Amino acid sequence: MAVFTRCGIKEDVTDDRFETMSRQGSFMLGIEQFIRLQTPQPPLGETPCCLAADFDAAYFNPAFFDAYDIHCPDNIARAANKRQAEYFAGRWLAAKVMENFGIRNFKLSADTRGCPQWPEGLLGSLSHGDDHVQCCVGERKHFRAIGIDVQAPITEDAARKLQMRILSSAERDLLAQSELPLNTAVAMSFSAKESIYKAIYPIVRRYFGYRSAELIAIDEAQQSLRFRLDAELTELPGCPAEVSLSYHCQPERLRTTLLLKTGS
Ligand SMILES: CC(C)(COP(=O)(O)OP(=O)(O)OC[C@H]1O[C@@H](n2cnc3c(N)ncnc32)[C@H](O)[C@@H]1OP(=O)(O)O)[C@@H](O)C(=O)NCCC(=O)NCCS
């Protein structure tokens with residue numbers, strides 16, 4: 001047995017593993033240069049555990065997968081460095097979140113549609129983009145669904161094109177009545193719809209597009225959005241008719257969060 005320190009946490013590794021890691025130069029890979037945890041660990045209870053981290057894909061080394069014993073599926077092994085880095089960062093962060101639930105060395109797997117598989121009694125969601133990753137997990141006794149999405153800012157030109165793809169004319173009219181600039185409003189709606197997909201897919205177990213959730217209200221004071229889900233979804237067991245999401249806009253990114261409480 002040898003003791004290996006990563007991110008300030010000491011862990012035991014078998015001699016064989018230590019040797020493999022030494023051979024790969026894992027001790028010099030500098031994961032601290034690659035990824036940095038951003039948020040302090042919150043208390044548990046009825047609040048989900050949400051952590052964020054910034055990473056730098058330029059410092060990503062595919063050898064991290066072996067060194068940190070994170071499975072790299074074939075499609076990820078064949079993907080570009082950026083996708084490998086964000087995939088690894090998501091798994092790394094999910095394992096950190098799990099430590100808050102007393103689960104060590106958690107390995108996040110996914111089903112054939114990419115839906116993350118959480119341990120019994122828990123559910124969660126993750127999102128990454130532009131060298132940033134967030135992961136949010138709660139207990140099933142408190143939450144029916146969790147979906148999060150982070151989105152980089154978009155230009156007004158991009159927003160004009162995107163809105164035609166993802167929003168109905170009624171939704172576009174609603175956004176136009178708000179005080180929000182067009183690029184923020186469209187990026188936020190896009191992000192909200194992706195959060196909805198991540199939260200609702202595990203319930204309905206089928207793909208659904210951007211027209212399956214309709215924006216019906218914006219509360220700028222509360223920073224929340226309300227959506228009505230399509231009848232094709234709501235007729236499926238456990239699917240809610242409407243959902244509310246919170247949004248949070250920062251200059252570097254925008255985040256939407258769907259937390260559907262049990263009993264709601
Ligand atoms: C799946 C999807 C929502 C991911 O969003 P994205 O902005 O591309 O990427 P993000 O980084 O924010 O999220 C990616 C994570 O979503 C999660 N995810 C992927 N498929 C998922 C699913 N079916 N259910 C729940 N979560 C899923 C995964 O954890 C994934 O990260 P990983 O592959 O590293 O594990 C998006 O690619 C997509 O397919 N959208 C079309 C469906 C949709 O949004 N419909 C709108 C309904 S109103």
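1. How do the residues of the shell around the ligand divide into nonpolar, polar and charged? In this predicted model, ten of them are nonpolar, four are polar and seven are charged. The shell comprises 21 residues in total, and the closest to the ligand are R83, R91, S127, E194 and K198.

2. On polar contacts, the ligand is approached by both side-chain and backbone atoms. A polar atom in the side chain of R91 lies 2.6 Å from a ligand oxygen, while a side-chain N or O atom of D149 is 2.9 Å from an oxygen atom of the ligand. For G114, a backbone N or O atom is placed 3.4 Å from a ligand nitrogen.

3. On coverage, the ligand on its own has 930 Å² of accessible area, of which the protein covers 83%. As for location, the ligand sits in the largest pocket.

4. Turning to secondary structure, the elements that contribute two or more residues to the shell around the ligand are α5 (81-99), β7 (122-129) and α8 (182-204). Of the contributing elements, α8 gives the most, with five residues.

5. At the level of domains, the shell around the ligand takes at least three residues from domain 1 (2-141) and at least three from domain 2 (149-261), and a description of the site should therefore name both.

Note on methods: Residues are numbered from 1 along each chain as its sequence is written. This is a predicted model: local features need pLDDT of at least 70, side-chain atom pairs count only at pLDDT 80 or more; totals for chains, interfaces and linings use all residues. Side-chain values use heavy atoms; hydrogens and water are left out. A residue is near a molecule or strand if one of its heavy atoms lies within 4 Å of it. A polar contact is a pair of N or O atoms within 3.5 Å; within protein, one must be able to donate a hydrogen and the other to accept it, and residues adjacent in sequence count only if both atoms are side-chain atoms. Accessible areas come from the Shrake-Rupley method with a 1.4 Å probe; for residues, only the protein chains shown count as cover. On a 1 Å grid over the protein atoms alone, a cavity is a set of points where a 1.4 Å probe fits but cannot get out, and a pocket is an open set with protein on both sides within 12 Å along at least five of seven lines; lining residues have an atom within 4 Å of a point. A molecule sits in a cavity or pocket if more than half of its atoms lie within 2 Å of its grid points. Helices (H or I, at least four residues) and strands (E, at least two) are DSSP runs, numbered from the N terminus. Ala, Val, Leu, Ile, Met, Phe, Trp, Tyr, Cys and Pro count as nonpolar, Asp, Glu, Lys and Arg as charged, and the others, Gly among them, as polar. Domain bounds come from an automatic or database domain assignment.
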